[in-house]
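Me: I am new to this structure and would love a close look at a single part of it. Could you pick one strand and walk me through its surroundings, then show me how that fits into the whole?

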Amino acid sequence: MHDPFDVRALDGSALALRGLALEPGTTAPLGEPEHDTLLYVGRGAGTLSIADDSAPVGARSAGLVLAGEEAVLNVAEELEAVVATVAPSTDLHAPMGHRDLVTSLDDADAQAATGSRSFQILFGPHNGSTRATFFAGFIPPGKAPWHYHLYDEIVWVLRGEGRVHIGDTVETLAPGSAFRLHAREVHIVENTHPAEELAVLGVFTPAGSPSAAYLTADVAASYTIAG
């Protein structure tokens, strides 16, 4: 991870994303009166506590603090994390399972997305996050066709290198880079490395599946359905 960053909620977006760096032996409050908070730990270790409930957090793990809850992150080892907040203006998804306080990529099942891409959901309606989906995505070398999503999204690069194409704009991606995608914004996320995957952390709202992508009309017209 690089120095803490801050992707603020802009243009009516319900999402914001920031970096967090904490020293061993320190504590940090998490949680806001009206915003849900999602935490992803990239390095270090500690404990996330809400009232009488607590769970250890470490690299590749994530925590969920719902609006109105007061949580404390106790740091055991120097810790670097990404914190996403989700405003109450977003549409709510129906809850679909037991609420989790902490989860991990080591426990999340891999699922297929477009092409040979895959993703793992850390938090979503299945485990307590009804405002947003929090996931890790894994992109092999190359790029997908131009497409868009119906959700508002912020993406942060965990590892790898690449480019994001949004309209006529092309930006370089590296570990620690972050970018925003508005609903229906046509784009391509490209992995420029010849052999290694590009891994990203994403949060989007309304909650749903990261695989829900739509091709632009010209791209869709180039596909044929076998009869």
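Reply: Happy to help; what follows starts with one strand, moves along its neighbours and ends with the whole chain.

Please keep in mind that this is a predicted model. The strand to look at is β6, which spans residues 61-65. Is β6 mostly covered or open? It is mostly covered, since five of its five residues are buried. The side chains leave the strand in two directions: Ser-61, Gly-63 and Val-65 point one way, while Ala-62 and Leu-64 point the other way. Residues on both sides of β6 are buried.

Now for the partners. Which strands pair with β6? One is β4, which runs antiparallel to β6 and is joined to it by five bridges. The other is β8, made of residues 102-104, which also pairs with β6 in the antiparallel sense, here over three bridges. A good place to see both pairings is Ser-61. This residue is the bridge partner of Val-41, and it also stands opposite Ser-104 in β8.

Just before the strand comes Arg-60, found in the loop between β5 and β6. Arg-60 has a positive phi of about 75 degrees although it is not a glycine. As background, most residues other than glycine have a negative phi. With a relative accessible area of 32%, Arg-60 counts as partly exposed because this value lies between the limits of 20% and 50%. So the chain passes from a partly exposed Arg-60 into a strand whose five residues are buried.

A little earlier along the chain there is another residue of this kind. Ala-51 sits in the loop between β4 (36-50) and β5 (53-58). Its phi is positive too, at about 55 degrees, and Ala-51 is not a glycine either. Ala-51 has a relative accessible area of 73%, and it is therefore exposed, the cut-off being over 50%.

One more backbone feature is worth a visit, further along the chain. The peptide bond from Thr-205 to Pro-206 is cis, with omega near 0 degrees. Pro-206 belongs to the loop between β19 (198-205) and β20 (214-215). Most peptide bonds, by contrast, are trans.

Next, the empty spaces. Searching the whole structure turns up two cavities of 30 Å³ or more. The largest cavity has a volume of about 300 Å³. Among the 22 residues that line this cavity, Arg-117, Phe-135, Ile-139, His-149 and Pro-210 are the closest to its centre. The lining comprises 13 nonpolar, seven polar and two charged residues. Which strand gives the most to this lining? It is β11, with four residues. Other strands supplying at least two residues each include β10 (118-123) and β14 (152-159).

There is also a pocket to find. The largest pocket holds about 200 Å³ of space. It is lined by 15 residues, and those closest to its centre are Gln-111, Ile-121, Leu-122, Gly-124 and His-126. Its lining divides into five nonpolar, eight polar and two charged residues.

Finally, step back to the whole chain. It has one helix and 20 strands, with β6 being one of the strands. Of the 227 residues, 48% are buried. Among contacts with a separation of 6 or more, 72% come from residues 24 or more positions apart. The C-alpha atoms fill a box of roughly 60 × 35 × 35 Å along the principal axes. The radius of gyration is 17 Å, which agrees with the value near 17 Å for a compact globule of 227 residues.

Conventions. Residues numbered from 1 in each chain as written. Predicted model: local features only at pLDDT ≥ 70, side-chain atom pairs only at ≥ 80, totals over all residues. Heavy atoms only, no water. 1 Å grid on protein atoms, 1.4 Å probe; cavity = no way out; pocket = protein on both sides within 12 Å on 5 of 7 lines; lining within 4 Å. Points joined across faces, edges and corners; volume = space filled by probe spheres on them. Nonpolar A, V, L, I, M, F, W, Y, C, P; charged D, E, K, R; others polar. Buried < 20%, exposed > 50% of the residue type's maximum accessible area, 1.4 Å probe, protein only. Pairing = 2+ DSSP bridges. Rg over C-alpha atoms; globule rule 2.2 N^0.38 Å. Contact = heavy atoms within 4.5 Å.
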